[in-house]
Amino acid sequence: MSATILDGKATRDAILDELRVRVAALAEQGVVPGLGTVLVGDDPGSQAYVRSKHNFCRKVGINSIRRDLPASTTQAELEATIDELNANPDCTGYLIQLPLPGHLDAGRALERVDPAKDSDGLHPTNLGKLVLGDAAPLPCTPVGIVELLRRYDVPLAGARVTVVGRGVTAGRPLGLLLTRRSENATVTLCHTGTKDLAAEVRRADIVVAAAGSAGLITADMVKPGAAVLDVGVTRTEKGLVGDVHPDVAKVAGFLAPMPGGVGPMTIAMLLRNTVEVAERAVRAS
Ligand SMILES: Nc1nc2c(c(=O)[nH]1)N[C@@H](CN(C=O)c1ccc(C(=O)N[C@@H](CCC(=O)O)C(=O)O)cc1)CN2
């Protein structure tokens with residue numbers, strides 16, 4: 001048996017087609033969404049992700065606004081850039097690429113973003129709305145995972161989901177998203193303090209590996225037929241390695257591989273959020 005691949009690239013492309021239609025409808029109302037990015041420093045991975053975000057913006061008709069700052073940027077300079085984007089009418093939504101260099105306070109920076117322009121769904125107000133179940137932009141990787149499962153008809157209601165990793169961009173908000181009434185999954189959130197990770201993974205119908213630990217999830221840990229989604233990216237001398245060992249494909253029923261699974265969905269959901277915040281602003285005007 002070999003797992004059905006949850007193809008994030010094909011799903012992303014289908015979502016981009018849907019977004020083109022919505023961007024055209026906004027244009028008829030005189031609004032062109034503009035996505036801003038704030039990138040600090042020269043981390044090659046972050047640079048590649050930001051480049052890719054703007055390439056896909058171009059494909060759907062979203063304008064690009066880039067603010068690339070040197071690694072030496074101070075907190076005050078970063079906050080001045082955030083204030084400028086908050087006030088910039090061409091920028092309908094934006095994000096701060098994470099991680100920031102260690103000397104900067106990411107929490108303070110995220111809090112300063114106008115929640116109505118938060119394309120990433122990572123502002124504390126919007127994360128609070130996620131807890132409350134109110135409408136707000138949702139964090140891109142978690143909502144991308146839910147969308148990928150939905151488009152492949154992998155049932156979530158009543159499913160046992162084990163999420164490995166409690167980071168703010170993926171694991172922690174995913175737990176909140178999956179336990180909403182509309183998803184109705186039962187979630188176990190594992191982390192470095194989990195006593196028996198293999199046992200927690202083995203009982204899951206759906207496993208999401210977002211720990212950033214290469215090859216952490218091995219075939220013997222996975223229930224036959226389970227859906228496994230790889231979110232981890234570790235850069236090694238031999239290239240990129242995910243959290244899921246390749247042998248898992250022989251046991252799992254569905255597999256979102258790295259690359260080509262959840263990553264492309266993260267960017268698709270960023271663009272969808274950007275269109276949605278622009279649509280929300282038009283409705284509110
Ligand atoms: N402000 C944010 N920062 C970060 C986020 C985020 O959602 N918002 N997530 C990650 C990085 N990220 C987007 O920013 C991202 C990661 C991976 C991919 C992707 O397509 N990956 C490829 C393969 C890996 C690679 O090429 O490096 C894939 O899975 O096919 C897209 C976006 C942390 N920071």
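## Sheet, ligand shell and annotated positions

Leaving out residues up to four places away in sequence, L95 touches T37, S119, D120 and L270. The model is a predicted one. L95 belongs to strand β4, which covers residues 93–96. With 25 C-beta neighbours inside 10 Å, L95 is classed as buried, because the cut-off for that class is 20 or more. L95 and D118 are separated by 23 residues in sequence, while their C-alpha atoms are 6.5 Å apart in space.

**Domains and the ligand**

The chain is divided into domain 1 (30–114) and domain 2 (140–263). The C-alpha centres of domain 1 and domain 2 are 28 Å apart. Where does the ligand shell lie with respect to domain 1 and domain 2? Both domains give residues to the shell, so it lies between them.

The shell holds 19 residues around the ligand, and of these Y49, L98, C140, P259 and G263 come nearest. By class, eleven of the shell residues are nonpolar, seven are polar and one is charged. At least two shell residues come from each of α2 (44–60), β4, α6 (140–151) and α9 (262–284). Helix α9 gives the most, with four residues.

**The parallel sheet**

Six strands make up an open sheet with parallel pairing, in the order β1-β11-β8-β7-β5-β6. Strands β1 (4–5) and β6 (186–190) are at the edges and have a single partner strand each, so one side of each is left without a neighbour in the sheet.

Strand β5 covers residues 160–164 and is joined to β6 by five bridges, the two running parallel. Within that pairing, V164 has C190 of β6 as its bridge partner. Strand β5 also runs parallel to β7, with four bridges between them. There, T162 stands opposite V207 in β7. Four bridges likewise join β7 to β8, again in parallel, and the bridge partner of I206 in β8 is A227.

Strand β7 covers residues 206–209. Which residues of β7 point one way, and which the other way? I206 and V208 point one way from the strand and V207 and A209 the other way, and all are buried.

**Positions annotated in UniProt**

An unreviewed UniProt entry lists G165, R166, G167 and V233 under "binding site". Two of these positions, G165 and V233, are set out below.

| Residue | Place | C-beta atoms within 10 Å | Class |
|---|---|---|---|
| G165 | loop between β5 and α7 (171–178) | 23 other C-beta atoms | buried |
| V233 | loop between β8 (227–230) and β9 (234–236) | 17 other C-beta atoms | partly exposed |

Is V233 buried or partly exposed? V233 is partly exposed because it has 17 other C-beta atoms within 10 Å, and the intermediate class lies between the limits of 20 or more for buried and 12 or fewer for exposed. G165, with 23 such atoms, is buried.

Which residues are in contact with G165, leaving aside its neighbours within four places in sequence? They are A170, G171, H191, A210, A211 and G212. For V233, with neighbours within four places in sequence again left aside, the contacts are L240, G242 and M258.

Methods:
Residues numbered from 1 in each chain as written. Predicted model: local features only at pLDDT ≥ 70, side-chain atom pairs only at ≥ 80, totals over all residues. Pairing = 2+ DSSP bridges. Contact = placed C-beta atoms within 7 Å. UniProt positions renumbered as here; feature names shortened; annotations may be inferred. Near = placed C-beta within 6 Å. Nonpolar A, V, L, I, M, F, W, Y, C, P; charged D, E, K, R; others polar. Domains from an automatic or database assignment.
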